[in-house]
Amino acid sequence: MHKLSFLVFLFSAILVFSFNWTNKKNVYDHYEVDQWGVEEALIKLGDSAYNHHIANLDPKKAEMGKDLVFKGFTTYNGKKSKRISPYFVCTDCHNTKRETGLERGLGMAHPKDNDPEKRLAYAIKNDLPFLPGSTLWGIYNRTSFYNGDYRKKYLGLVDKAKDDLPEAIQVCSQYCSSGRSLKDWELEAMMHYFKSEELKIKDLGLFPNIKKNLLKYQSLDSGEKRSLIYSIKDEYFQSYPANFSYTMPKNKRGYGENGNPKAGKELFERSCLHCHGEKRVTYLGLDNSKLTGKFFLKYMKGYRDQSLYQIIRWGTYPKSGRKQYMPQYSKEKMSDDQIEDLIAYMKKLSQK
Ligand code: HEC
Ligand code: HEC
């Protein structure tokens, strides 16, 4: 081949390739199955419906449920309902959007990658808070709640809630929120809201060949169906793992030495300030000031609640007369390295 025509060929090949690459997302969007709910798909493949299955979504109830999640009250029979909690709303501790992306291999958390560093990168890219509770996005499609160390810590409290979504909501309305349990209509409204936000096939990172198979589910044998069920369930969290940690012992602490202050700033703003900014849910007001930096550095070395090594791993407890408390962060929600990043940022603030 002539040298020049070879170059032209190579160039157009690259062009076609990159065009396909950037258009990949659109290619995915064209599958009819994309609009199927994940539960619907699983039932088609022979899986049983969830215990909390909702056959007919009622948009009015869903709207009220949304109010309850975001505002803590709604309008019922023409009247403003009583707040679930005087202290918190659900979104103080839980996101309602996806926290992991669909992109694979770009340093971003893929649908089922729970790594807190990658989740932070995703939160920055999509301007989300970074919170101690798991996201409520996709909660309709989960079947197991308060997992890992939450089970050990709360024993009797979560016994009924561990595989029962309405019960899990009740536990959090009453205990996590320092509030009260929901009335039947409130619980139903919230369930309809979660149903309205259920996962669709398009929310999963399934490859086109899997989607094509799904479309012809009626002609598949039971082995093929089972394998499809497996592929679908492998694309999102059936449950969120949780491992608690102790306060880091003094000889392991880096005191921010190798921490990344830029990541620390993001953590501080997306997590701590979500509640402590303008003293929103607590008397302790924090901000990006020198004073805040010095406050944390002063207590950093010890084992008190004001030490970042301690507060993040233990949180605080509701007391009688003072029911607002800080939830602890499991290792999945904030890593030890991220605590170092936060401290590195506090050092930077203190030198302002
Ligand atoms: C002060 C913080 C806080 C508030 C407020 C709060 N939660 Fe939670 N919630 C948590 C934590 C921490 C967990 C532990 C499990 C997890 O999410 O990883 C949890 C767990 C849950 C779970 C089980 C999730 C799972 O995957 O295991 C549900 C459902 C839930 N909350 C719903 C709600 C609802 C609905 C509200 C509002 C009425 C609410 N929460 C308010 C902190 C909170
Ligand atoms: C979900 C809301 C929430 C988040 C997120 C949160 N806090 Fe808190 N924090 C609280 C509440 C509520 C208290 C209890 C103080 C009170 O009674 O007002 C508290 C207490 C504390 C205390 C102890 C104060 C004392 O006097 O004992 C420190 C220190 C603290 N938080 C730091 C942080 C840091 C650092 C972060 C981020 C990693 C963070 N908080 C994230 C709500 C939150």
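Which residues of helix α10 are buried? In this predicted model, they are L228, I229, S231 and I232, and the views below begin with that helix before turning to the two ligands, the disulfide and helix α6.

Residues are numbered from 1 along each chain as its sequence is written, while chains are lettered from A and ligands numbered from 1 in the order in which they are written. Because the model is predicted, local features need pLDDT of at least 70 and side-chain atom pairs count only at pLDDT 80 or more, whereas totals for chains, interfaces and linings use all residues; side-chain values use heavy atoms, with hydrogens and water left out.

**View 1. Helix α10 and its buried face.** Helices are DSSP runs of H or I with at least four residues, numbered from the N terminus. Helix α10 (residues 222-233) has 12 residues and reaches 16 Å from its first C-alpha to its last, close to the 16 Å expected at 1.5 Å a residue, the expected span being 1.5 Å times one less than the number of residues. Its buried residues are L228, I229, S231 and I232, where buried means under 20% relative accessible area, exposed over 50% and partly exposed in between, with a 1.4 Å probe and protein chains only. Seen down the axis of α10, these buried residues fall within an arc of 165°, so they line one face of the helix; the arc is that of the directions from the helix axis to the C-beta atoms. On the other side of α10, S222, R226 and Y230 are exposed. The cover over the buried residues includes α3 (38-44) and α9 (208-215), contact meaning heavy atoms within 4.5 Å.

**View 2. The surroundings of ligand 1.** Ligand 1 is surrounded by 21 residues, the closest being C90, C93, H94, S134 and C172, and a residue counts as near when one of its heavy atoms lies within 4 Å. Oxygen atoms of ligand 1 take part in the pairs listed here: a polar side-chain atom of S134 lies 2.6 Å from an oxygen atom of the ligand, and a polar side-chain atom of R142 lies 2.8 Å from an oxygen atom of the ligand. A polar backbone atom of Y146 is likewise 2.8 Å from an oxygen atom of ligand 1.

**View 3. The disulfide in helix α7.** C172 and C176 form a disulfide, with their sulfur atoms 2.5 Å apart, and the count comes to one disulfide under the rule that a pair of cysteine sulfur atoms lies within 2.5 Å. Both cysteines lie in helix α7 (residues 165-176), four residues apart, about one turn of the helix. The torsion about their S-S bond is about -95°, so the disulfide is left-handed. C172 counts as buried at 16% relative accessibility, whereas C176, at 23%, counts as partly exposed.

**View 4. The surroundings of ligand 2.** Of the 25 residues around ligand 2, C272, C275, H276, Y283 and M326 come nearest. An N or O atom in the side chain of H276 is 2.8 Å from a nitrogen atom of the ligand. A polar side-chain atom of T282 lies 2.8 Å from an oxygen atom of ligand 2, and an N or O atom in the side chain of R322 is 2.7 Å from an oxygen atom of ligand 2.

**View 5. Helix α6 beside α7.** In helix α6 (residues 149-159), D149, Y150 and V158 are buried. They cover an arc of only 20° around the axis, which puts them on the same side of α6. The face turned away from that buried side carries the exposed residues K152, L155 and G156, and what covers the buried residues of α6 includes α7.

Methods: A polar contact is a pair of N or O atoms within 3.5 Å; within protein, one must be able to donate a hydrogen and the other to accept it, and residues adjacent in sequence count only if both atoms are side-chain atoms.
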